[in-house]
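Colleague: Please take me slowly through one part of this model, beginning with a pair of strands and ending at the ligand. I am new to this, so please explain each term when it comes up.

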Amino acid sequence: MTSQVAQTILDFLDQNASIPDTRTLGLDAAAVRAALTSLVDKQMVLMESHAQEEAVLSAEGEEVTEKGSPEWRLWQVLATGPQTAKQLQSTLGPDTAKVGQLNAFKKKWIKKDGDGFAQALSDVPDQVRSDLQALKNGQPLPSTVASEYRKRKLTAIKRTAYQSVSKGPKFSTKIAKLETDLTAEMLQSGAWKTAEFKPFNFDAEGMPPAAGALHPLLKVREEFRNIFFEMGFSEMPTNQFVESCFWNFDALFVPQQHPARELQDTFYVKDPASTDDFPEDYLAKVRKVHESGGYGSIGYRSPWKQSDTERLVLRTHTTAISANMLYKLANQPGGFKPTKLFSIDRVFRNEAVDATHLAEFHQVEGVVADYNLTLGDLIGFMDVFFAKMGVKNLRFKPAFNPYTEPSLEIFSYHAGLGKWVEIGNSGMFRPEMLEPMGLPKDVRALGWGLSLERPTMIKYGISNIRDLVGHKVPIEMVEKSAAVRF
Ligand SMILES: N[C@@H](Cc1ccccc1)C(=O)O
């Protein structure tokens, strides 16, 4: 097909100096393009590409050529006498009546009559209809109305590409078959001396190798880990998905009546359903701070049940591990030392699944514990941490967590969405949480958390969080994401 089309083009050029518009050849446009590409490669022809825009009738424009413009049809209906807007709408349909009324008024074809409309002229020319009929018959639209009709969606723009062609330096009506390989026979016979070789195409893309690729979540996790290590953090052990309510909630001063603890938010484990493996004296202090306070707090002053703290859950946040680590830090041999810790792992929430929510996701969490840290340290730290990810100009909004005070939501401006989006949650851990652990009174700890999924989705242009899990979709996506370079 292509070679036939190429031959037709060459024969035509042999008889004529040039082809100003390839469309006049009456050949398939795609085949002409393919043939020209190969002829240009061989320098047999010279080609220039052009684009032409022309107005064509839209479905609405087509209707106007048959029934008249909305304004003319409205004016026509009023020939039998005045009508109200309601009546016009039921005769013409709401769309035609609305547009017709507007334009007929503008053209002064109709006038107000009581609470309705009447003809203002006894005869009007439907110029719109005759212009569109002329267009249908192949005449161009008068330039004065072209853009108006386009705005009214009576016409649409059709773009066509075409080429002009003239003879090239190696023009001939015979298409020589170019050799692609230098063979032993050519060398023996000496045919290589006169053979024409196909030039190498250095622009051709190679086949993507069928190699393994890392999942996008793993790649972004690696980026975060490197940032943490660069900033002197150590990784917390996160290999256990099941936690007691004690570490997941109570140690964090989350009241036992908190809604997050309810079945619709948290997955409780059935078997085994509970544990009693806790540091006794610490548990007693946690109980006391909930029930009656201490450390400058009045506590929650509500019932606290041992059976509730013993229940097992799929951890709802990695802050459960942070609490456990802070406790260990306070009670390690040699006492407390300033520390920076992080974790990146899976957490579970009993949520309705949709495009941006899953029942399990990954949390990126950091904790810094040191003497006399302030809110200024938290904000400054967030600026540095997020800047390392390429996220600048943060905004902070006061928020609430049972275990931090003050608490700050972190926002960043998303240029693509044109708005500020929440990228993390943070705060200074409360004394009610830190002091029962046995941390020195002047030690402060700041923490923050964010999901791993959101930055991954932004980076890889994934709009549905469900595409990050499962089987079939991810394989294609993982391979595609292998092409995205850091
Ligand atoms: N645990 C919080 C994140 C956080 C961690 C540490 C301090 C403050 C907030 C969350 O689930 O969103």
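Modeller: A good place to begin is Lys111, whose bridge partner in β5 is Ala118. The model is a predicted one, so local features are reported only at pLDDT of at least 70 and side-chain atom pairs only at pLDDT 80 or more, while totals for chains, interfaces and linings use all residues. Residues are numbered from 1 along each chain as its sequence is written, and side-chain values use heavy atoms, with hydrogens and water left out.

The bridge at Lys111 belongs to a set of four that join β4 to β5 (residues 116-119), and these two strands run antiparallel. Strands are DSSP runs of E with at least two residues, whereas helices are runs of H or I with at least four, all numbered from the N terminus; two strands pair if DSSP finds at least two bridges between them. With β3 added, we have an open sheet of three strands in the order β3-β5-β4, paired antiparallel. Its edge strands, each pairing on one side only, are β3 (83-84) and β4 (110-113). Across β4 and β5 lies helix α6 (residues 94-106), which runs at about 105° to β4; such an angle, from 0 to 180 degrees, is taken between the N-to-C directions of lines fitted to C-alpha atoms, for helices over the stretch in contact, and contact means heavy atoms within 4.5 Å.

Turning to the ligand, the residues that come nearest, out of 15 around it, are His317, Thr319, Arg349, Gln363 and Tyr403, where a residue is near if one of its heavy atoms lies within 4 Å. By type, this shell divides into three nonpolar, ten polar and two charged residues; Tyr counts as nonpolar, Arg as charged and Gly as polar. There are also polar contacts, meaning pairs of N or O atoms within 3.5 Å. A ligand nitrogen is 3.3 Å from an N or O atom in the side chain of His317, and a ligand oxygen is 3.0 Å from such an atom in the side chain of Arg349. For Asn425, the distance from a side-chain N or O atom to a ligand oxygen is 3.3 Å. Taken alone, the ligand exposes 320 Å², of which the protein buries 92%, with areas found by the Shrake-Rupley method using a 1.4 Å probe. Two or more shell residues come from each of β11 (360-371), β14 (419-429) and β15 (443-451), and β14 gives the largest share, four residues.

Definitions and conventions:
Polar contact = N/O pair within 3.5 Å; in protein donor to acceptor, adjacent residues only side chain to side chain.
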